[in-house]
There are 2 protein chains.
Amino acid sequence: MARILISETSQHINQKVLIAGWVHNVRDHGQLTFLDLRDSSGLLQIVINDQSSADLKEIVKKIGKEWVLEIEGTVLKRDPQTINQDLITGEIEVSPQTINILSESLTPPFPLDSDGSELDEALRLKYRYLDIRRPRLQNIIEKKHKFILAIRNWLDQQGFTEVITPLLTSTSPEGARDFLVPSRIHQGKFFVLPQAPQQFKQLLMVGGINKYFQIAPCARDEDPRADRHAGIFYQIDIEIAFPTIEEIFTTAEQLMKDTYQTVAPQKHIPHLPFPRISYQDALNKYGSDKPDLRFALELVDFTQILKNQSEFNIFNQSAVIKGIIVPQGAAFSKSQIEALEETAKSKGAQGLAYTRVKNKLLDSGIARFLSETLQKKLIQEMSLKEGDLLLFVADQLSVANKSLGQVRNLLGDMLKLKDKNELYFCWVTGFPFYEINDEGKLDFGHNPFSMPKGGRQALDSQDPLSIESYQYDLVLNGYELASGSIRNHEPETLVKAFEILGYSQDMVIKKFGAMYTAFQYGAPPHGGWAIGLDRLLMLLLDEDNIRDVYAFPLSSNGVDLMMGAPSVVDKTQLDDVGLSLKKSS
Amino acid sequence: MARILISETSQHINQKVLIAGWVHNVRDHGQLTFLDLRDSSGLLQIVINDQSSADLKEIVKKIGKEWVLEIEGTVLKRDPQTINQDLITGEIEVSPQTINILSESLTPPFPLDSDGSELDEALRLKYRYLDIRRPRLQNIIEKKHKFILAIRNWLDQQGFTEVITPLLTSTSPEGARDFLVPSRIHQGKFFVLPQAPQQFKQLLMVGGINKYFQIAPCARDEDPRADRHAGIFYQIDIEIAFPTIEEIFTTAEQLMKDTYQTVAPQKHIPHLPFPRISYQDALNKYGSDKPDLRFALELVDFTQILKNQSEFNIFNQSAVIKGIIVPQGAAFSKSQIEALEETAKSKGAQGLAYTRVKNKLLDSGIARFLSETLQKKLIQEMSLKEGDLLLFVADQLSVANKSLGQVRNLLGDMLKLKDKNELYFCWVTGFPFYEINDEGKLDFGHNPFSMPKGGRQALDSQDPLSIESYQYDLVLNGYELASGSIRNHEPETLVKAFEILGYSQDMVIKKFGAMYTAFQYGAPPHGGWAIGLDRLLMLLLDEDNIRDVYAFPLSSNGVDLMMGAPSVVDKTQLDDVGLSLKKSS
């Protein structure tokens with residue numbers, strides 16, 4: 001007899017079936033024992049009662065949780081009063097003829113009937129092969145597979161070709177540290193794992209591929225980050241030759257629209273095409289270049305109405321006064337307002353002023369500094385309503401924006417405005433091509449391979465900080481999901497873009513020689529994007545821990561606790577590649 | 001106007017279209033100039049004649065090969081006498097209104113209108129972004145994508161789940177050298193790139209996944225081999241829980257049957273299910289454990305009929321006399337027979353004796369050592385025919401088999417018996433679990449994780465060399481394509497299998513700790529296989545060079561000539577990971 005899955009048993013009522021799986025639970029009621037058998041498709045109740053053979057009764061006494069059984073038995077309808085609607089097999093049970101013990105099990109180090117989030121993660125990861133038996137993780141593994149396959153098929157149908165690019169390559173300019181792979185055949189030299197297939201996909205465009213994609217592993221040796229899997233993560237990577245900007249936007253929009261339901265049919269996309277917002281508008285309205293648009297609470301500029309209109313010096317001495325009007329926020333407790341203030345301060349604000357609308361005037365907080373006339377003017381011009389809470393940051397524009405952006409974000413949580421089932425995508429456009437970096441120096445704002453708006457001419461004639469880039473970020477519910485651009489495919493424009501930062505043509509050739517040379521041989525205009533697959537899956541699956549999107553993740557500290565990697569290697573292996581360990585100082 | 005592909009132009013006769021691509025060729029006939037424009041979909045003829053604008057005539061004079069153009073023009077039917085049936089656009093041409101030069105090109109370092117195989121490979125690889133513009137490589141890239149996608153969809157439909165396993169892991173027991181990846185966060189320790197996902201896929205089975213697959217990168221730091229891509233290659237990797245052996249065979253058979261036509265519709269599979277042949281029969285009949293079954297020419301045992309029946313001492317002193325009967329081979333020239341003898345000697349034979357059937361007797365070669373009676377007996381018992389050629393090796397059985405296997409292989413080439421369009425798959429089964437290795441020691445025959453036939457009991461009671469393994473190879477047209485097995489999922493049987501080779505339980509735990517521990521917690525019986533994707537693609541695409549199956553291959557010497565990898569790295573990068581280069585001695 002051929003084994004069937006547990007999910008298929010209910011189609012075999014009153015028939016004999018062969019099933020196999022793990023003992024999820026044993027409930028011994030004396031004359032009656034229930035075994036819950038689990039396979040990847042579900043749970044099934046096996047009943048051993050007084051009519052069962054002595055052999056079976058004997059076997060069942062030995063069996064413990066997580067033992068592996070093969071059972072031949074008859075599928076029976078349950079009594080109506082014992083039907084369990086929570087199970088796909090809740091209307092049936094199996095009366096076994098034979099139970100064959102395929103494997104025994106020690107007592108597992110943790111229970112498998114919860115979602116696991118209450119357990120010590122290190123222990124879960126050490127026994128990951130047990131941890132993934134729990135239905136939550138089985139579901140993630142299955143959904144991830146279905147989602148990636150749906151993405152592949154969609155891109156294929158749109159004329160994209162998946163191309164596997166090399167894992168052993170040379171350094172790439174993504175800005176993170178490379179993982180090195182010492183060469184044995186060419187001792188003293190090193191491959192690196194790709195930080196992204198950026199150069200290869202651009203070379204594929206030069207190579208005449210019309211539309212490229214890849215579910216691409218990206219290796220970055222960064223210090224642990226909560227929102228990125230240590231070591232390797234995956235991107236949905238595309239590039240299009242001869243593209244229009246619309247085509248680049250539409251591809252992402254239609255791809256998301258046509259695939260998210262594979263994983264999360266209960267969710268919806270409220271706006272299609274995705275709204276576009278400029279980088280400056282995003283900062284000014286939402287205090288972030290990754291705005292969460294599931295809720296309003298836009299930042300309001302109070303400078304004109306409040307600066308130099310009172311004796312409140314903090315307002316008068318600041319470049320701008322910006323704030324957020326929280327409808328019906330007057331009911332916020334003192335500790336809630338303190339939490340908001342802490343958040344504002346964490347982003348550099350001196351403080352977070354507040355007041356409330358009560359009886360058509362302002363009340364509490366900074367109300368006492370503002371004249372009644374000014375209070376009324378504010379209420380009228382801003383259309384404030386009874387019960388509104390006003391929050392203010394008076395500071396430099398950038399500090400006010402950034403800190404209020406963070407306050408807005410916390411308000412979204414406090415007011416439960418973040419509907420998990422709403423997928424609010426938006427494009428952020430118009431990023432500056434250059435910016436002043438943390439060291440006070442002129443630097444690339446984003447990808448150095450993007451085309452500056454205005455091209456070569458803009459580089460020759462404009463103030464570098466005024467030049468915008470053909471660069472666009474895709475944001476989902478406040479998370480940066482993707483980054484893309486129309487690339488700079490003109491070799492001289494590329495050299496010029498680096499020259500403005502003080503880099504010579506020789507440096508460009510040394511660092512990006514293949515691409516620079518390739519562009520001399522007929523490079524098509526091209527552009528594309530890369531969507532972070534892990535974060536997208538987290539959002540679609542409502543998962544909080546990025547590691548659970550991986551079957552076998554590295555720990556938050558970058559260690560494989562199950563396999564014991566990284567580990568010490570034999571001296572001969574180091575000799576093979578001509579390396580030695582430095583003495584630790 | 002939206003750009004269309006060149007392959008779509010013939011649906012737009014007498015309409016205006018926008019196309020873009022590379023100048024494949026310029027043919028200037030004075031008043032008439034033909035431009036061949038190429039994109040990923042094909043070639044198109046652009047005509048500039050005396051009615052074209054002066055601007056266009058001016059532009060066309062400048063244009064060279066591989067320049068990138070955007071052309072707006074009208075699709076016209078060609079005169080019947082100028083139709084080119086070799087082109088998908090051979091019945092049309094485009095009369096341009098505007099030609100926009102998007103990129104210029106230097107003269108390419110090699111022509112792009114051949115299949116490239118006549119060129120120096122190092123030069124092709126240095127300029128791989130140009131090399132892949134040639135239609136042969138565009139076709140490989142596209143077909144590879146379609147084939148892998150077809151495989152993924154087929155496996156999905158059969159209930160398999162693709163799971164991505166880690167790229168940064170610990171050493172695995174595939175027997176090749178590991179690529180090391182030094183850890184920065186944990187200095188002095190190393191990750192390794194996976195040689196195969198063997199342990200992870202087995203741990204997925206323990207983790208309750210029912211059917212796993214992956215298009216899996218495998219990293220092996222081996223010296224260059226002609227039939228394997230340097231560094232990284234890819235496998236179609238599957239594993240099934242609670243499998244029957246039939247299920248494991250059938251999955252490969254049906255997968256091949258249902259997908260090969262995506263790439264090679266002109267080919268066919270002569271036998272389905274694939275024939276199964278035991279390891280011993282394969283050696284005895286075909287002199288190889290990867291027999292090419294597209295032709296017969298089976299090895300014949302002449303020992304009984306010829307040993308001690310003549311004065312020919314070489315026959316009398318050898319353990320066996322085996323040979324091949326080549327129908328109508330009497331016409332072989334001396335140099336052909338010498339080539340066959342060289343081949344036999346290259347595999348250890350002392351020589352290759354021969355004779356021919358002529359006038360119902362034997363003629364030439366060793367005929368003079370055999371009496372007429374013996375000659376007649378041989379002709380009768382072996383049903384020899386006029387014009388047959390007989391080839392003999394008299395030696396130890398293993399030498400006779402191996403050398404005649406190689407002779408048979410060469411005969412297949414000489415007689416043109418290897419039909420490229422015939423996909424003759426077969427399974428080789430019954431491999432020995434243990435064998436004597438090159439150093440004369442008892443060792444695993446293949447995968448140490450296979451289940452020995454007879455299980456623990458066989459290990460306890462049988463002569464190790466008599467134990468067979470649940471191991472099976474899939475062979476296609478003489479190439480080993482896949483290897484698979486039913487695994488040993490019993491921890492004590494695993495320990496015993498290693499113990500017989502003198503390894504302690506501690507060693508097993510140290511080397512395969514995760515798997516050994518995992519097997520204590522309810523491991524299901526499981527098994528699977530991995531098919532070499534690159535070799536399969538080579539055979540389906542009739543390609544001789546495995547590197548051309550990759551868009552960006554490493555050279556035969558393991559170097560990326562385009563990107564310049566591997567390369568020297570900064571001392572700070574080595575400091576980061578706590579390593580230093582050893583002085584070369």
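1. Chain A can be superposed on chain B with an RMSD of 0.1 Å by a turn of 180° and a shift of 0.0 Å along the axis, the fit being a least-squares one on the C-alpha atoms of residues with pLDDT of at least 70 in both copies. The two copies are thus related as by a two-fold rotation axis. The same surface serves both copies, since 100% of the contact residues of chain A recur in chain B; two residues are in contact if their C-beta atoms, placed from the backbone, lie within 7 Å.

2. The model is a predicted one, in which local features need pLDDT of at least 70 and side-chain atom pairs count only at pLDDT 80 or more, while totals for chains, interfaces and linings use all residues. Residues are numbered from 1 along each chain as its sequence is written, and chains are lettered from A and ligands numbered from 1 in the order in which they are written.

3. For chain A, the secondary structure comes to 18 helices and 23 strands, where helices (H or I, at least four residues) and strands (E, at least two) are DSSP runs numbered from the N terminus. The C-alpha atoms of chain A fill a box of roughly 90 × 75 × 55 Å, taken along the principal axes. Of the 585 residues in chain A, 47% are buried; a residue is buried if 20 or more other C-beta atoms lie within 10 Å of its own, exposed if 12 or fewer, and partly exposed in between, with C-beta atoms placed from the backbone. Among the contacts in chain A with a separation of 6 or more, 67% are between residues 24 or more positions apart.

4. In chain A, α10(A) and helix α12 (residues 397-414) pack at an angle of about 145°, with their axes 7 Å apart; axes are lines fitted to C-alpha atoms, for helices over the stretch in contact, and angles run from 0 to 180 degrees between N-to-C directions. The crossing of α10(A) and α12(A) is right-handed, a crossing being left-handed if the near helix is turned anticlockwise from the far one by less than a right angle, and right-handed if clockwise. Residues making this contact include A:Leu340 and A:Ala344 of α10(A), and A:Val407 and A:Leu410 of α12(A).

5. In chain B, the axes of helix α10 (residues 334-346) and helix α12 (residues 397-414) come within 7 Å and cross at roughly 145°, and this crossing is right-handed.

6. Helix α6 (residues 245-263) of chain B has 19 residues and reaches 28 Å from its first C-alpha to its last, close to the 27 Å expected at 1.5 Å a residue, a span reckoned as 1.5 Å times one less than the number of residues. There is nevertheless a kink of about 30° in α6(B), centred on B:Lys257, the bend at a residue being the angle between axes fitted to the seven residues ending there and the seven starting there. The buried residues of α6(B) include B:Phe249, B:Leu255 and B:Met256.

7. Two cis peptide bonds deserve a look. One runs from B:Leu272 to B:Pro273, with omega near -5°, and B:Pro273 is found in the loop between α6 and β11 (276-278) of chain B. Another runs from B:Ala565 to B:Pro566, with omega near -5°, and B:Pro566 is found in the loop between α17 (533-541) and α18 (571-576) of chain B.

8. A:Gln328 has a phi near 60°, a positive value in a residue other than glycine. A:Gln328 is partly exposed, with 13 other C-beta atoms within 10 Å.
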